[in-house]
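Biologist: Please show me the structure, and let us then discuss its aromatic residues and its nonpolar cores.

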Amino acid sequence: MAEQTTDSGSTASQSSSTAYPPAPWQMVGQLWLSLFRVREAVDHLRPAGIYGVAFVSYEPGSPLTYSELLVARPVRSDAHGRRVSITDIWVDSPASVAGGRELWAIPKGLCDFGLDSVRRGPLTTTAWSASLGRRPIVSASFTDASKAMLRVPFKGGTWQPGIEDTGGEERTATLQGSSKALPCRGRWDFATDGPLGWLRGARQLASFRQADFRMSFG
């Protein structure tokens, strides 16, 4: 049985709405995540260490439906404890850009996505791509059996340094929910001259799929 196939294509350029729902956002959808080890610092916001890179599809049932590509790293402080900080992120929804930046200092930008996902028996195969205009950012493919998994809870949080949209104030957010999560096979191809080219030489450690997640974020 095939899952729904989507290609968001020029969604980002077609929408002009920047209204967004109040926090917290009650989101449902699918997530594919891989962990990478970056050996050398890129800049002060991207030190050497472990990074998670994810494609996300927020589906009907969410207050906003859109695709997302994000890069995040773990951070820890006495004030906020263990959280993740999102260093790079793109979506195809102007409303998500506005809400992410103004509510939580998440530095969202706009890009275009391609998504094709097919399920045959217990296995799901998925192909993603993201590009800025005609400039590729990354493509990725995954194989998983996560939909056969029992639903399990998860909880976490984000910390973001201040940006112009928040008047320079740092922001935190809490996320919690449940999903059908299992390790999966993942393969990534970062464009050498794209904004994530610094991940091209990083060592891939593991990949995971969160199927049918239900999440409160805010």
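Modeller: Rings of Phe, Tyr and Trp (its six-membered ring) pair if their centres lie within 6.5 Å; planes under 30 degrees apart count as stacked, over 60 as edge-to-face and the rest as tilted. This is a predicted model, in which local features need pLDDT of at least 70, side-chain atom pairs count only at pLDDT 80 or more, and totals for chains, interfaces and linings use all residues. Residues are numbered from 1 along each chain as its sequence is written, and side-chain values use heavy atoms, with hydrogens and water left out.

Biologist: Which residues form one aromatic cluster?

Modeller: The structure holds 15 aromatic pairs. One cluster consists of W32, F36, F55, F113, W128, F142, W188 and F190.

Biologist: How are the rings of F113 and W128 arranged?

Modeller: Both residues are buried, that is, under 20% relative accessible area with a 1.4 Å probe, protein chains only. The ring centres of F113 and W128 are 6.0 Å apart and their planes stand at 80 degrees, so the pair is edge-to-face.

Biologist: Which element gives the largest share of the largest nonpolar core?

Modeller: A nonpolar core is a set of buried Ala, Val, Leu, Ile, Met, Phe, Trp, Tyr and Cys residues joined through side-chain atoms within 4.5 Å. The largest one has 25 residues, with F55, L69, W188, L196 and L199 making the most contacts inside it. Strands are DSSP runs (E, at least two residues), numbered from the N terminus. The largest share, four residues, comes from β8.

Terms used: Buried means under 20% relative accessible area, exposed over 50%, partly exposed in between (1.4 Å probe, protein chains only).
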